[in-house]
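Let's take a walk through a protein chain together. Have a look at the sequence and the 3D view, then read on.

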Amino acid sequence: MNQYLELFSRHMKEGGSAEAKREFLEVSRLAGKFPAARSLRDGIGSEISVWCSNDYLGMGQHPLVLAATREALDAYGAGSGGSRNIGGTNHYHVLLEQELADLHGKANALLFTSGYTANDGALTVLAGRLGDCVVFSDEMNHASIIDGLRHSGAEKRIFRHNDTAHLEELISATDSDRPKMIVMESVYSMGGDVAPLAEIAAIARKHGAMTFLDEVHAVGMYGPQGAGIAASLGLADEFTVIMGTLAKGFGTTGGYIAGPAELVDAVRGLSRSFIFTTALPPSVVAGALAAVRHLRASDEERDRLRENARLTHRLLTEHGIPFVSDESHIVSIFVGDDALAQRISGLLLERHGIYVQSINAPSVRAGQEILRSAPGAVHEPAAVAEFVAALDGIWEELGVTRAPGWRRSAVTHG
C-alpha cells in the first residue's frame, strides 16, 4: 500500500498539483440570520458574514421552504429509498418537474441530483445520440458541460467566449447537412458576464442548430417569474433545452433540464447519471417546489438582489477596485495573482469577519485569479458599503493595483 501512496504522491507533485491543494473553510450558515454564519478556524468558533454564497436570494432559509421541507421530512422520512425507476419517485418529484416545465414554457422537465449531473447526463445523450453531431461550445463553459460533451463522443468546436462572430465563422464552415448543437451559459459563474443570447439564437435559426442553454446562475434571479435570462429577453422559445439548478436561486440542491417531450424522454431513458443514482430526498424536492412557487409570485427578492448588485458595482468603481463585469449579481473582484488573492481573502476574514473565497486555477485561468463575491438579496445596503470599505483599506495597505483612470478624489461617500 505504501508504495502506491508514494507513487501517487510523486506523480501529483510532478504534475504541479501539490501547489494547487485547496483548504476548505468550515461554514455553518445560521438559518434566519444568513448571511451570518459560524466558522471554525484553528479550533475557535466565530461569527462571520458570507459574501460568496450561491444562495443568492436567501431561499435556503425562507420560512415557506423550511416549512415545506419539514412537512415532507415528517411524512416521508430522510431519503427517497431508491433510484427514480426503482422505488424512488415520490409525488413531489412529479410536481416539481411539472412546475419547472411550466416555468420555462417547455413540454417536460427532468430532475437530477445536481446541476453537474444534469449537464453531464443530458449532454451525453443529446449530443451523442444525434449521429454525426457537431457541437459548438463556448470556451468558458462549465466543467460539467465539458465532461458531458466529452462523454457524448460528439465532435466539438470551441468558439471564443461570447464571440458570436467566431461562432458564425465556425458553424458556417460546417457541412450544412450535419446535425448541429450550440451550448452556452446565460450568466457565467466566475466572470458574472452574460451571453449575447439574441445573437446566438439568430445564428441557431439561420443554421438550423439545436440549442442547449445553461441558466444555472439565472433561474430564480432574472426574467418573468424567475425563468431566466432567455425569458427576460422574450427568447425562451428559441432555446431547445434549458438547464437549471435548484441549488442557487432556489436555495436547495439538485439540477434539471426542461425541453421537448421527445428529448426529455430520451434523457430519462438513457442518461446514466439519471438512471444509476438515488433520487433526491422528498424533503429536498418539497423545499425546492416551495421556493420555485414563491419566486414565481414574488419579485421582492429579485429586486433586492439587483439593487445590491448595482450598489456594489458603483462603490467598487468609485474606489477603483477592479471587477470583471457589471452585467449580473456575480461581482468578481479582479486580483490576477493567486497568493495575493488568498492574502486579501484571509485579511477580510481575520480583520472584518467577511468571507469571500479567492478563486484560482482550474476554476479560472492562471493569472486571472479573483475574489468571487455575490452580494445577495439578504445583504443590507449598509453592509455592502462596509464590505467595499474593508476591501478599499486592504487595497491601500497592500498597494494593490487600482482600476485604470481611478483617482482618490473621485471617491464619494454615503
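What follows is a short tour of some strands, a helix, a loop residue and several charged pairs.

## Before we start

This is a predicted model, where local features need pLDDT of at least 70 and side-chain atom pairs count only at pLDDT 80 or more, while totals for chains, interfaces and linings use all residues. Residues are numbered from 1 along each chain as its sequence is written, and side-chain values use heavy atoms, with hydrogens and water left out.

A few words come up again and again. Helices (H or I, at least four residues) and strands (E, at least two) are DSSP runs, numbered from the N terminus. Buried means under 20% relative accessible area, exposed means over 50%, and partly exposed is in between (1.4 Å probe, protein chains only).

## Strand E7 and its partners

Let's begin with E7, where six of the six residues are buried. Lys180, Ile182 and Met184 point one way, Met181, Val183 and Glu185 point the other way, and all are buried. Here's the background: in a regular strand the side chains alternate between the two faces of the sheet.

Which strands pair with E7? Two strands count as paired if DSSP finds at least two bridges between them. Strand E5 (residues 134-138) runs parallel to E7 and is joined to it by four bridges; Val134 is the bridge partner of Lys180 in E7. Strand E8 (residues 210-214) is also parallel to E7, with five bridges joining them, and there Met184 sits opposite Leu213. Put E7, helix H7 (residues 197-207) and E8 together and you get a right-handed β-α-β unit. Right-handed here says that, with the strands pointing away from the viewer, the path from the first strand over the helix to the second runs clockwise.

## Helix H5

Now find helix H5 (residues 143-152), whose buried residues are Ser144, Ile145, Asp147, Gly148, Leu149 and Ser152. What covers them? The cover includes helix H4 (115-128), E5, E6, E7 and E8, going by contact, meaning heavy atoms within 4.5 Å. Right after H5 comes Gly153, with a positive phi near 80 degrees.

## Strand E14

Is strand E14 (residues 370-373) covered on one face or on both? Both: Ile370 and Arg372 are buried on one side, and Leu371 and Ser373 are buried on the other.

E14 has partners as well. Strand E11 (residues 331-334) runs antiparallel to E14, joined by four bridges, and Val331 stands opposite Ser373. Strand E13 (residues 358-359) pairs with E14 in the antiparallel sense too, over two bridges, with Ile359 opposite Ile370.

## Gln61, a residue in a loop

Gln61 is in the loop between strand E3 (44-50) and helix H2 (63-76). Why does Gln61 count as buried? Because its relative accessibility is 16%.

Its side chain reaches the backbone nitrogen of Lys33 at 3.4 Å, and one of its polar atoms lies 3.1 Å from the backbone nitrogen of Phe34. Leaving aside neighbours within four places in sequence, the contacts of Gln61 include Leu30, Asp55, Leu66 and Val378.

## Charged pairs

Side chains of opposite charge can pair when their charged atoms come close. A salt bridge is a side-chain nitrogen of Lys or Arg within 4 Å of a carboxyl oxygen of Asp or Glu, and by this rule the count comes to 22. One of them joins Arg178 and Glu155, with the closest N and O atoms 2.9 Å apart. This pair links distant parts of the chain, 23 residues apart: Arg178 is in the loop between helix H6 (164-172) and E7, and Glu155 is in strand E6 (residues 155-159). Arg178 is buried, at 16% relative accessibility, whereas Glu155 is partly exposed at 33%.

Arg304 and Glu300 also meet in a salt bridge (2.8 Å, N to O). They are four residues apart in helix H12 (residues 300-318), so about one helical turn separates them. For a longer reach along the chain, try Arg351 and Glu397, whose closest N and O atoms are 2.5 Å apart. Arg351 is in helix H13 (residues 338-352) and Glu397 in helix H14 (residues 381-398), 46 residues apart. Finally, Glu99, Asp102, Arg293 and Arg296 are linked in a network of salt bridges.

Key
Polar contact = N/O pair within 3.5 Å; in protein donor to acceptor, adjacent residues only side chain to side chain.
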